[in-house]
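Me: Please take a close look at one part of this structure. I would like the charged side chains and what surrounds them.

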Amino acid sequence: QVRLIESGGGLVQVGDSLRLSCTVSGLPFSSYVMGWFRQAPGMEREFVAAINSPISTYYDNFVEGRFTISRDNIKNTLYLQMKSLKPSDTGVYFCAAGQGTYVQAIYYAEESRYRYWGQGTQVTVSS
């Protein structure tokens, strides 16, 4: 059984930092492309960042250098380090796992690229 479990969300203030984790089991983690998506209240889910192995990363433009996606293929864990958080970063953050033939992470910005999804972790940025 494939499981993706996010953690690390919470209520923070504007400008704070937060690190999200996604622990994966039931699949060969190192061979999967991993991504983070988020969904704000009343909005559609949107792409945040993706990472492929060997290390190739891609971010949506709104990240503006504030987030860093990384992975530990030994611990089967995906991370999203977020800093300088804004109220517009509020939402449920989902991790996702997918496979594809492209090496560059830029090709994995669409939800259709991902087969497995976690349940999400809530991030709330208060002003």
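Reply:
**The salt-bridge network**

R38, E46, R66 and D89 are linked in a network of salt bridges. The model is predicted. Five salt bridges are counted in it.

Start with D89. D89 sits in the loop between β8 (77-82) and β9. Its relative accessibility is 0%, so D89 counts as buried, the cut-off being under 20%. The side chain of D89 meets that of R66 in a salt bridge, at 2.7 Å from N to O. This pair links distant parts of the chain: R66 is in the loop between β6 and β7, 23 residues from D89. Both D89 and R66 are buried.

D89 has another polar partner. Its side chain reaches the backbone nitrogen of K86 at 2.8 Å. Now set aside the neighbours of D89 within four places in sequence. D89 is then in contact with R38, F62, R66, F67, S84, V123 and V125. R38 and R66 on that list also belong to the network.

Next, R38 and E46. These two form a salt bridge, with the closest N and O atoms 2.7 Å apart. R38 counts as buried because its relative accessibility is 6%. E46 has a relative accessible area of 33%, so E46 is partly exposed.

K86 brings in another bridge. The side chains of K86 and E64 meet at 2.9 Å, N to O. E64 lies in the loop between β6 and β7 (67-72), and K86 in the loop between β8 and β9, so the pair ties together parts 22 residues apart in sequence. E64 counts as exposed, at 55% relative accessibility. K86 is partly exposed, at 31%. So K86 is tied in two ways: its side chain to E64, its backbone nitrogen to the side chain of D89. As background, side chains of opposite charge can pair when their charged atoms come close.

Now strand β8, which the loop of D89 follows on from in the numbering. L80 is found in this strand. L80 is buried, with a relative accessible area of 0%. Beyond its neighbours within four places in sequence, L80 is in contact with L18, R19, L20, W36, V48, A49, F67, T68, I69 and Y93. F67 is among the contacts of D89 too. The C-alpha atoms of L80 and S70 are separated by 6.5 Å, and these residues are 10 apart along the chain.

On the other side of the loop of D89 comes β9. Strand β9 (91-98) carries one half of a disulfide. A search of the whole structure finds one disulfide. The bond joins C22 to C95, S to S 2.0 Å. C22 is in strand β3 (residues 18-25) and C95 in strand β9, so the pair links distant parts of the chain, 73 residues apart. The torsion about the S-S bond is about 55 degrees, so the disulfide is right-handed. C22 counts as buried, at 0% relative accessibility. C95 does too, at 0%.

Past β9, the chain enters the loop between β9 and β10 (114-117), where I106 lies. I106 is partly exposed, with a relative accessible area of 43%. Y102, I106 and Y107 make a nonpolar surface patch of about 280 Å².

How values were computed:
Residues are numbered from 1 along each chain as its sequence is written. This is a predicted model: local features need pLDDT of at least 70, side-chain atom pairs count only at pLDDT 80 or more; totals for chains, interfaces and linings use all residues. Side-chain values use heavy atoms; hydrogens and water are left out. Patches are made of residues with over 30% relative accessible area and no salt bridge: like charges are joined within 9 Å, nonpolar side chains (Val, Leu, Ile, Met, Phe, Trp, Tyr) within 5 Å. Accessible areas come from the Shrake-Rupley method with a 1.4 Å probe; for residues, only the protein chains shown count as cover. A salt bridge is a side-chain nitrogen of Lys or Arg within 4 Å of a carboxyl oxygen of Asp or Glu. Helices (H or I, at least four residues) and strands (E, at least two) are DSSP runs, numbered from the N terminus. Buried means under 20% relative accessible area, exposed over 50%, partly exposed in between (1.4 Å probe, protein chains only). A disulfide is a pair of cysteine sulfur atoms within 2.5 Å. A polar contact is a pair of N or O atoms within 3.5 Å; within protein, one must be able to donate a hydrogen and the other to accept it, and residues adjacent in sequence count only if both atoms are side-chain atoms. Contact means heavy atoms within 4.5 Å.
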